[in-house]
Amino acid sequence: INAGTNDAVSLRGLSIDGVGVGYIGIQFNTGASLTVENSVIRGFTGVGIWFLPTAACKFLVSYSLLTDIGGSGIAVNASGSGAVTGVLNRDEMNNNGHNGIVLNGSASTGIIHVTVSDSVAANNGFATPGFAGFYAFSALNQAPTTLVLIRSVTATNQYGLLARGQGATVRLANSAVTGNTSGWEIDNGGVVESYGNNSIDGNGSNIGSLTPIALQ
């Protein structure tokens, strides 16, 4: 998708199957916003939905399934200095080789902020070591990345949650982290924050400690 600066792009009711040879399901390069609703994206070797904006934009993915993808179900790799904000609502990201969703701010000086509600990431990350159901990544002096999970589930992944690099934050409210090889990994200045109202059990060893934050 190479849309104009002020263009809003909407995709609804699609079934996109890479049949094991296609690389990317949907790639968003430019535009004001992208909405994907009620869709199935599966069978790609790379990424299901890949956001590569060079300027500020917004996206919404709702009631959609991203499954059986060799890389990540959803990947956000912004560059430039614009704010990239997104919402995932009632989505499933299952059986993907890398991440359910990953936010990567290491090439941007803006911000990346994504809120996930009522969604599931399951059985992701087993292609090679180092992947997760939900993953926020950044680096010193680059875009802070924040991934907020509300009433969501990360289960039976390599890592349930992964926050890596200074400026990378995963925040949990009313969510479940269960049955993962590791519940979470927190390193190089990343943070996983918990409101204390989550269900966390049945995971293997964790790396790092959760940061408690108060309910408002």
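Two strands pair if DSSP finds at least two bridges between them. The exercises below use that rule on a predicted model.

**Exercise 1. Take stock of the strands and helices.**
How many helices and how many strands are there in the protein chain?

Solution.
- Step 1: Look for helices. The protein chain has 0 helices.
- Step 2: Turn to strands. There are 24 strands in the protein chain.

**Exercise 2. Trace the open sheet of 7 strands.**
What is the order of its strands, and which are the edge strands?

Solution.
- Step 1: Read across the sheet. The order is β3-β6-β9-β12-β15-β18-β21.
- Step 2: Check the direction. The pairing is parallel.
- Step 3: Find the edges. Strands β3 (24-28) and β21 (182-187) each pair on one side only, which makes them the edge strands.
- Step 4: Add the turn. Direction ignored, neighbouring strands of this sheet are turned by 10° against each other on average.
- Step 5: Recall the general rule. Strands of a sheet pair through backbone hydrogen bonds, either parallel or antiparallel.

**Exercise 3. Zoom in on one pair.**
Over how many bridges do β6 and β9 pair, and which residue of β9 stands opposite Trp50?

Solution.
- Step 1: Locate the strands. β6 covers residues 47-51, and β9 covers residues 74-77.
- Step 2: Count the bridges. The two strands pair in the parallel sense over 3 bridges.
- Step 3: Find the partner. Ala75 in β9 stands opposite Trp50.

**Exercise 4. Judge the overall form.**
Why does the radius of gyration of the protein chain agree with a compact globule?

Solution.
- Step 1: Set the expectation. A compact globule of 216 residues would have a radius of gyration near 17 Å.
- Step 2: Compare. The protein chain has 16 Å, so the value agrees.
- Step 3: Add the spans. The C-alpha trace extends about 45 × 35 × 30 Å along its principal axes.
- Step 4: Look inside. Of the 216 residues, 53% are buried.
- Step 5: Look at contacts. Among those between residues at least 6 apart in sequence, 70% join residues at least 24 apart.
- Step 6: Look at the surface. The protein chain exposes about 8,600 Å², and carbon and sulfur atoms supply 52% of it.

**Exercise 5. Examine two positive phi values.**
Where do Arg151 and Thr156 lie?

Solution.
- Step 1: Place Arg151. This residue sits in the loop between β16 (145-150) and β17 (153-155).
- Step 2: Read its angle. Arg151 is not a glycine, yet its phi is positive, about 50°.
- Step 3: Place Thr156. This residue is in the loop between β17 and β18 (159-164).
- Step 4: Read its angle. Thr156, also not a glycine, has a positive phi near 55°.
- Step 5: Classify exposure. Partly exposed lies between 20% and 50% relative accessible area. Arg151 has 45%, so it is partly exposed. Thr156 has 39%, so it is partly exposed.

Conventions. Residues numbered from 1 in each chain as written. Predicted model: local features only at pLDDT ≥ 70, side-chain atom pairs only at ≥ 80, totals over all residues. Heavy atoms only, no water. Helix = DSSP H or I, 4+ residues; strand = E, 2+ residues; numbered from the N terminus. Axes fitted to C-alpha atoms, helices over the stretch in contact; angles between N-to-C directions. Rg over C-alpha atoms; globule rule 2.2 N^0.38 Å. Buried < 20%, exposed > 50% of the residue type's maximum accessible area, 1.4 Å probe, protein only. Contact = heavy atoms within 4.5 Å. Areas by Shrake-Rupley, 256 points an atom, 1.4 Å probe, with all protein chains shown as cover.
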